[in-house]
Amino acid sequence: MRIIKITLGIAVLAMITLTMYSFTKSLETGNTDTKSIRTSTLYKTVEVDGVDIFYREAGSKNKPTIVLLHGYPTSSHMFRNLIVDLADDYHILAPDYPGYGRSEQPLLSEFDYTFDNMATIIESFLATQEVKKFSIYLMDYGAPVGFRIASKYPNRIESLIIQNGNAYNEGIREFWDPLKTYWNDPSIKNGKALEGFHKIEGLKWQYTHGVREINKISPDNWEIDLQHLTRKENNEIQLAMFYDYRTNIPLYPKWQKYLRDYQPPTLIVWGKNDHIFPAEGAYPYKRDLKNIEFHLLDTGHFALEEKGDEIASYMLKFLKKNGIK
């Protein structure tokens, strides 16, 4: 009996020793599960100019801030994975615009759904967060919102990350023909022709067109978008934003001048198969910027869905190379 106890004791001691050795070697070689120690995303709401704005936040406020500005027809949900990839090194803020995601949706009679007003809301949101300097991720609608802010406060911008965010006439191609028709005549008939973009099949098309592997694109994307798009009056809100997009085109020269005059370090990570904002809109940035890193990715409009890891890697290297760390 005593021999059995001694034998069992030796076995247990050997197992403990082996476990401790394996744990130590794992730390030495960096083979720990990094996801388990990554910074958590927080989900918050703050009142901004009388509107409740939902936002995602992660990372230490003592680190450089990156503001993630989402596109149509989605919300900060599009950044859910990127936030996790960046939060150990940066302070991340990703707000939802009014009428999108989990932010409040004021009535059309009480709120101007325009890009000017969206930029004002985001500017006020940053004031509530006491953010003075920051980098901006500009995607789709995020580009006209962000460029309004960047050109107004150029000295506050540390860098730009542009993903399928247009600022040049070259990027407005045949996709925009029905919208141009609506700009010229915002009739009920011309508006009806656009409503399919925020119906289920139109949403699915935006997420899947031009991707390499459709099975990698989660259906949760368009199902979650539908939750805000089907709210009462939201169809009219989307048409109001479609109509107001016409105000962005005349501002392109102003934004291009901002790029030339202030030369913000800029990373282009562009889904080259995007039919909405095709690669023709990416190349002109090279004309105006000297410190530019340029990547065309073999995917579609929502490039983060298929190339998220690649984009995060490019961002981390780009930011550190430019001393934003």
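This passage describes the cores, helices, selected residues and salt bridges of a predicted model.

The nonpolar cores come first. The largest one has 60 residues. Within this core, Tyr141, Phe147, Trp176 and Tyr285 have the most contacts. Helix α3, residues 115-128, gives the most to the core, with seven residues. Tyrosine 141 touches residues from several parts of the sequence, including His70, Gly71, Tyr72, Tyr97 and Tyr100. Phe115, Met241, Phe242 and Tyr245 are also among the residues that tyrosine 141 touches. Another core lies apart from the largest one and has 35 residues. Ala58, Leu82, Leu203 and Leu226 are among them. In soluble globular proteins, nonpolar side chains tend to be buried together.

Leucine 93 is a buried residue of a strand. The strand is β4, which covers residues 91-95. Leucine 93 has a relative accessibility of 0%, so it counts as buried. Leaving aside residues up to four places away in sequence, leucine 93 touches Tyr55, Arg56, Glu57, Thr65, Ile66, Val67, Leu68, Phe125, Leu126, Gln129 and Val131. Valine 131 is 38 residues from leucine 93 along the chain. The C-alpha atoms of the two are separated by 9.9 Å.

Two helices were examined for their buried residues. In helix α5, residues 177-184, the buried residues include Leu179, Tyr182 and Trp183. These residues lie on the same side of α5, because they cover an arc of only 105 degrees around the axis. The buried residues of α5 pack against two other helices, α6 (188-192) and α9 (234-244).

Helix α12 runs from residue 303 to residue 321. A straight helix of 19 residues would span 27 Å at 1.5 Å a residue. The end C-alpha atoms of α12 span only 23 Å. The helix also bends, by about 60 degrees, at aspartate 309. Buried residues of α12 include Ala303, Leu304, Glu305, Glu306 and Gly308 before that position. Ile311, Ala312, Met315, Leu316, Phe318 and Leu319 are buried in α12 as well. Just after the helix, glycine 323 takes a positive phi of about 75 degrees.

Two histidines have different settings. Histidine 228 lies in helix α8, residues 220-229. With a relative accessibility of 3%, histidine 228 counts as buried. Among the residues in contact with histidine 228 are Pro73, Thr74, Gly99, Tyr100, Gly101, Gln105 and Asn234. Histidine 275 lies in a loop, between β7 (266-271) and α11. This histidine is partly exposed, at a relative accessible area of 30%. Its contacts beyond four places in sequence are Glu174, Phe175, Trp205 and His209. Phenylalanine 175 is 100 residues from histidine 275 along the chain. Even so, the C-alpha atoms of the pair are separated by 6.7 Å.

Charged side chains were examined next. The structure holds 14 salt bridges. One of them joins lysine 257 and aspartate 261, with the closest N and O atoms 2.6 Å apart. Both residues lie in helix α10, residues 252-262. They are four residues apart, about one turn of the helix. Lysine 257 counts as partly exposed, at 45% relative accessibility. Aspartate 261 is also partly exposed, at 45%.

A further salt bridge joins arginine 260 and aspartate 288, at 3.2 Å from N to O. This pair links distant parts of the chain, with arginine 260 in helix α10 and aspartate 288 in helix α11 (residues 285-288). The two residues are 28 residues apart. Arginine 260 is partly exposed, with a relative accessible area of 42%. Aspartate 288 counts as buried, at 8% relative accessibility. Elsewhere, Lys192, Glu195 and Lys199 are joined into one network by salt bridges that share partners. In this network, the side chains of lysine 192 and glutamate 195 meet at 3.6 Å, N to O. Lysine 192 is exposed, with a relative accessible area of 53%. Glutamate 195 is buried, with a relative accessible area of 11%.

Technical notes: Residues are numbered from 1 along each chain as its sequence is written. This is a predicted model: local features need pLDDT of at least 70, side-chain atom pairs count only at pLDDT 80 or more; totals for chains, interfaces and linings use all residues. Side-chain values use heavy atoms; hydrogens and water are left out. A salt bridge is a side-chain nitrogen of Lys or Arg within 4 Å of a carboxyl oxygen of Asp or Glu. Buried means under 20% relative accessible area, exposed over 50%, partly exposed in between (1.4 Å probe, protein chains only). Contact means heavy atoms within 4.5 Å. The arc is that of the directions from the helix axis to the C-beta atoms. A nonpolar core is a set of buried Ala, Val, Leu, Ile, Met, Phe, Trp, Tyr and Cys residues joined through side-chain atoms within 4.5 Å. The expected span of a helix is 1.5 Å times one less than its number of residues. The bend at a residue is the angle between axes fitted to the seven residues ending there and the seven starting there.
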